[in-house]
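Please open the structure in your viewer and keep the selection panel at hand. The tour proceeds from one selection to the next.

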Number of protein chains: 2
Amino acid sequence: MSDPVATSAAGGAQPTQGPPRPFFASRWVMVPEHVRDLGPDHGLPAGFRAAGVACGIKPSGNPDLGLIVCDCEKPVSAARFAATGAPAAPLLLSRERCELSALRVVLANSGCANAATGKRGMEDAAKTQGAAAIAVGAEPREVILGSTGPIGSYLPVERMLGGIRNAAERLDQAGDSCFQQAIQTTDALEKRACLQVELDAGVVELTAQCKGAGMISPRFATMLCYIQTDAQMASETADLLLGVCVKRSFDRCSVDGQLSTNDTAVLMCSGISGVKIEPESEDERLFGEALDALLRQLAIYMVVDGEGAGRIARVHAQGPDPDTVELAARAVANSPLVKAALHGGDPNWGRIVQAVGGALPTAEPLALDVFIDGVQVCSAGASTDVPRQELAGLLARPEVEFLVRLPGEGAETEVFFSDLSHEYVSINADYTT
Amino acid sequence: MSDPVATSAAGGAQPTQGPPRPFFASRWVMVPEHVRDLGPDHGLPAGFRAAGVACGIKPSGNPDLGLIVCDCEKPVSAARFAATGAPAAPLLLSRERCELSALRVVLANSGCANAATGKRGMEDAAKTQGAAAIAVGAEPREVILGSTGPIGSYLPVERMLGGIRNAAERLDQAGDSCFQQAIQTTDALEKRACLQVELDAGVVELTAQCKGAGMISPRFATMLCYIQTDAQMASETADLLLGVCVKRSFDRCSVDGQLSTNDTAVLMCSGISGVKIEPESEDERLFGEALDALLRQLAIYMVVDGEGAGRIARVHAQGPDPDTVELAARAVANSPLVKAALHGGDPNWGRIVQAVGGALPTAEPLALDVFIDGVQVCSAGASTDVPRQELAGLLARPEVEFLVRLPGEGAETEVFFSDLSHEYVSINADYTT
């Protein structure tokens, strides 16, 4: 197996390396037997075409505008958005004016997030939505928008209108790679997959294009993920499956703990395979497992590709209730001290204790257990005095596992996170200027 | 005036530069007219002696154990501790077994935090407390403990007992500088002051020794602050004044948003001046103003001296209620993206909008106003399109001011924070190994 972490050790500032091969590479993703990786060049499922073009949003002249169109009669879809008080215009417009259960078109751009742009940003977004609808023969409410790039600048609408016409002429079932290029900026890894899923009712395809390097990173400004399948299902099923799988993937990762203004995930179903997924059926479970593996691996690639990331970790928290384990896991994953130690391969687990203690100011000291890849370093709040040399080897791995056990039982959670490196600082210290 | 920020630009990894001169230097501290800086070599107020020695806790052989003793008959004191679920043994022992309103002795060490050390850590702490009590002729309950250093290792108790005897022999009214040396590790600035305060009832002195580079930084592991005065007051007055002033100073700063296991602040009053501060008197207000200015300036020096810090900022949040402005201000101050932009002198205010939005996931978009040093960059959530060149100059200053105005009125707060630099990563990536 290739090593997804080592190959991206140079971090987000490197040129795109293409999609990782094979797609499934993390020890934290269980790949179901009924799922097969078709390779990145397989193209989209039946009923989908995509394109990506350069229209001059990015000063570099790189691709910056992408379209996906579903050609079936009655497309079915579902979407999820960032829960932020500062939503970008494309997110707001999509949430308020789109028919999210019957989306036909994705219009996405990089190079400008169209966030913190107020009324003018909404008008700009509406113009591009209308133009995309006309260009592909759809209704505006069928066109979902996604934008990514710096926050606080306005869209170059005229250039985008030209780009939309251009992209509409280039739509192709093998256009997923071009689309991906157009939505990413400096992602080092192409986070993209084409899978085959064997269900009892027949074989379907499942593809996804994803960009981003964490919850937020204004260098790319946000996470966008577009998922397509030729399976047939009711919109309630699509919504349920997307909701559950997003919670177990994109909701569980953090590069810098920063929530985006633009995060959007969209599942679109053409139904053209004729393979129908009934609610609460075995096939629903099988398709859900495939979607789960797909999104978890994509989420982990986002962390692997986190700005400047050289090493990633999973914190697994166990304890008395969901709120407590969530606070503990997030505190560890977002601690710059834990992340810097991870970067240095330093088994400084005291920072895990400190981070959990800071997040849970209990009256009595917490009787915490901490394990690094199965080796117990802290028992009921006290050091087990394992020599640091013994631990250093565990931290040298590309995927490090921390278990934090709080007193009490009944709840557990996990968060995937990246380290804090010099490159993160370099990337983020002078981005807009 | 000297520039405290510029002089510490090289950050926490530099050798100590001595105390900044003059002490009061930040634009965010109002220095009352009745307060005079006596200079760092003035020594402690009447009734106090201190010492600092090297006893071998630190492998470097640098000073690592300090004592302060109050020689009056009935000392009065107050203390505040970190609110953490993972309190260090010295914090726990002090909180549970000390007579916090009548402390006579401070025993503090650097080089080991005695945190995450369980029962053995408590026994070790108790041994050193008992030894200090015997060495200076006090009761154990009169000895408050403070430790700072890496989390998860045990105190070298035998060496410390020798150090305590040695320090007790060297106690001196001019020992505050040696004490300070013994509690700091790689603080670049000596955070220390000797002030004179003119009250209606007479003149008193007020001194402090402080160490740390933020809420937590296991390189120094914690903030410790010891304050002495020869003013006379009831313990309730001492407690009230310390509580209010800590809330306006140490509680309002962040280097990395990480709460320590060991934070401790102690005010001790010898009363030897004979100048009595009555509750709710004008002199209580005047003394409170002096203590406030002292602790705010010390807190700002902690941020200036934040690990790797080159530039600091204040975020001033205004809005409808205390919880909302607190969430907004903390989100900005703890955002690695905002901090990295501050480091780069990059006016990327979109990250402020993103951070506030992430912290306040409201149903409707927040109509945020954002100002950088008086220049409005965001109005009701939308960019004012001020050219970036105009803003860059504002970010080049050593102390940058951000105002975040949320809809609604009635509450405001502030947080002081440092930037995120390469040096922070270097310092924290390989600390223990």
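Before the first stop, one definition is required: a helix axis is a line fitted to C-alpha atoms over the stretch in contact, and angles between axes run from 0 to 180 degrees between N-to-C directions. Two packed helices are described by the angle between their axes and the distance between the axes. Please note that the model is predicted.

**First stop: two helices from two chains.** Select residues 336-344 of chain A, helix α9, and residues 422-429 of chain B, helix α12. Their axes come within 8 Å and cross at roughly 70°. Angles of 65 to 115 degrees count as roughly perpendicular, so α9(A) is roughly perpendicular to α12(B). Now display the side chains: on α9(A), A:P336, A:L337, A:A340, A:A341, A:H343 and A:G344 take part, and they meet B:Y424, B:V425, B:N428 and B:A429 of α12(B). By class, this contact comprises seven nonpolar, three polar and no charged residues.

**Second stop: the rotation axis.** Display both chains in full. A turn of 180° with a shift of 0.0 Å along the axis lays chain B on chain A with an RMSD of 0.0 Å. The two copies are therefore related as by a two-fold rotation axis. Select B:H422, whose C-alpha, at 2.6 Å, comes closest to this axis among the residues of chain B. Because 100% of the interface residues of chain B are also interface residues in chain A, the copies meet through the same surface.

**Third stop: an enclosed helix.** Select residues 350-359 of chain B, helix α10. Eight of its ten residues are buried, so α10(B) is largely enclosed by the rest of the structure. The buried residues of α10(B) pack against α12 of chain A and against elements of chain B including α8, α9 and β15.

Notes
Residues are numbered from 1 along each chain as its sequence is written. Chains are lettered from A and ligands numbered from 1 in the order in which they are written. This is a predicted model: local features need pLDDT of at least 70, side-chain atom pairs count only at pLDDT 80 or more; totals for chains, interfaces and linings use all residues. Side-chain values use heavy atoms; hydrogens and water are left out. Buried means under 20% relative accessible area, exposed over 50%, partly exposed in between (1.4 Å probe, protein chains only). Helices (H or I, at least four residues) and strands (E, at least two) are DSSP runs, numbered from the N terminus. Contact means heavy atoms within 4.5 Å. Copies are superposed by least squares on the C-alpha atoms of residues with pLDDT of at least 70 in both. Angles under 35 degrees count as roughly parallel, over 145 as roughly antiparallel, 65 to 115 as roughly perpendicular and the rest as oblique. Ala, Val, Leu, Ile, Met, Phe, Trp, Tyr, Cys and Pro count as nonpolar, Asp, Glu, Lys and Arg as charged, and the others, Gly among them, as polar.
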